[in-house]
There are 2 protein chains.
Amino acid sequence: MSKIKLDQRFSPYQMPSVIIGTTIDDKPNFMLCTWASRVNRTPPIWMVSINRKHLTMNGIRDNGIFSMNFPSADLVEMTDYVGITSGRDADKSSVFKVFYGETKAPMIEECVLNMELEVEEIIERPDHFIILGRSVNTYADQQIMTDNKPDIRKMNQIVYTGAEGQPSYWVVGEKIGDAFSLGKKFK
Amino acid sequence: MSKIKLDQRFSPYQMPSVIIGTTIDDKPNFMLCTWASRVNRTPPIWMVSINRKHLTMNGIRDNGIFSMNFPSADLVEMTDYVGITSGRDADKSSVFKVFYGETKAPMIEECVLNMELEVEEIIERPDHFIILGRSVNTYADQQIMTDNKPDIRKMNQIVYTGAEGQPSYWVVGEKIGDAFSLGKKFK
């Protein structure tokens, strides 16, 4: 196999598409974030990495709370819209229906998975801030459940890829197999 | 839409499958990690979050370097194997063909995307360590390139999901559309 060096500005891998919810000037504001991951099991801690310039950082700093909302493929147009449109230029408070849980973090009713999080720590890097947040509650739509468990096929979440020249959205495809099981066949 | 609260131990979302490479007792060692994300553009910084108990943490601490390797779907059995088998119980140094770049981080020849990284910071959380690493070089297989750019379809990377009762592997499915473009249609 022949290896070549890649331009490191780009990220050609399978990322989640997550919409971050914050409150800015007393209104809900939303932005797309694809640099996101769980980082601790108990308690449930997550991280999102946000460009320093984004207005969302003001909402996160001012309130110490934010939400993570996972859209399904039918919301891809709105998902991209909140990714390319700054809250400085447009009022994004009415793009989605908003609901609240125990905190004041605005969550998106149309999204299949939602979390409301309290900021634990903000780590500075040259062009991004890494936000660590502890999830207070996680919500799912009743309609994506099968036998009382979230069903990945029904959730139909959006995969983002940052390949050079072709940043794009994809669906989760076919299931290959069960984790903690397939590897038992390997000798 | 009716929302219900979920058990927060589980993570029913679309994660990347990444194999972390380290050197333990002078031998390459590999483990599967699905809590991983890019966190800074320039320089290219990434994060992986690793359970405190994993042997891989020794290699990361001792050497200050590690690799991230993205397998394609045809490697799913070996990918799961290095996820369920500890380096304490088995020698995983010969599961894959190993190559090296500028650092001493072992990388996997069979994987479509590889990075060698220097540790910048280790952030402690109750059950995981969050490792921030600066990528020294990123490599791709020549055969996954189209017009000199990485081609997501050829890469065929594995999506992991941690849904309750059914942690599983999936392929990246069909393309929905171009990012920074679809949202222009939304009014």
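Which strand of chain B is joined to strand S1 (residues 3-5) of chain A? The partner is strand S11 (residues 128-141) of chain B. This model is predicted. The points below cover one chain, then the pair, then the core.

**Chain A on its own**
- Chain A contains 15 strands and 3 helices.
- The C-alpha trace of chain A spans about 55 × 45 × 30 Å along its principal axes.
- Chain A has a radius of gyration of 17 Å, which agrees with the value near 16 Å for a compact globule of 187 residues.
- Of the 187 residues in chain A, 52% are buried.
- Take the contacts in chain A between residues at least 6 apart in sequence: 61% of them join residues at least 24 apart.

**How the two chains are related**
- Chain B superposes on chain A after a rotation of 180°, with 0.0 Å of shift along the axis. The RMSD of this fit is 0.0 Å.
- That relation is the one a two-fold axis gives.
- Which residue of chain B comes closest to the rotation axis? It is Gly173(B), with its C-alpha at 1.8 Å.

**Where the chains touch**
- Chain A and chain B each put 82 residues into the contact.
- On the chain B side, strand S15 (residues 168-178) supplies the largest share, with 11 residues.
- By class, the chain B side has 43 nonpolar residues, 22 polar residues and 17 charged residues.
- Why do the copies meet through the same surface? Of the interface residues of chain B, 100% are also interface residues in chain A, so the surface is the same.

**Strands paired across the chains**
- S1 of chain A and S11 of chain B run antiparallel. The two strands are joined by 3 bridges.
- One residue pair shows the link: Lys5(A) has Tyr139(B) in S11(B) as its bridge partner.

**The nonpolar core**
- The largest nonpolar core holds 113 residues.
- S11(B) gives the most to this core, with 6 residues. S11(B) is also the strand that pairs with S1 of chain A.
- Which residues have the most contacts inside the core? They are Val48(A) and Val48(B).
- Leaving aside residues up to four places away in sequence, Val48(B) touches Val18(B), Ile20(B), Cys33(B), Trp35(B), Ala36(B), Met68(B) and Ile131(B).

Definitions and conventions. Residues are numbered from 1 along each chain as its sequence is written. Chains are lettered from A and ligands numbered from 1 in the order in which they are written. This is a predicted model: local features need pLDDT of at least 70, side-chain atom pairs count only at pLDDT 80 or more; totals for chains, interfaces and linings use all residues. Copies are superposed by least squares on the C-alpha atoms of residues with pLDDT of at least 70 in both. Two residues are in contact if their C-beta atoms, placed from the backbone, lie within 7 Å. Helices (H or I, at least four residues) and strands (E, at least two) are DSSP runs, numbered from the N terminus. Ala, Val, Leu, Ile, Met, Phe, Trp, Tyr, Cys and Pro count as nonpolar, Asp, Glu, Lys and Arg as charged, and the others, Gly among them, as polar. Two strands pair if DSSP finds at least two bridges between them. A nonpolar core is a set of buried Ala, Val, Leu, Ile, Met, Phe, Trp, Tyr and Cys residues joined through C-beta atoms within 7 Å. A residue is buried if 20 or more other C-beta atoms lie within 10 Å of its own, exposed if 12 or fewer, and partly exposed in between; C-beta atoms are placed from the backbone. The radius of gyration is taken over C-alpha atoms; the globule rule is 2.2 Å times the number of residues to the power 0.38.
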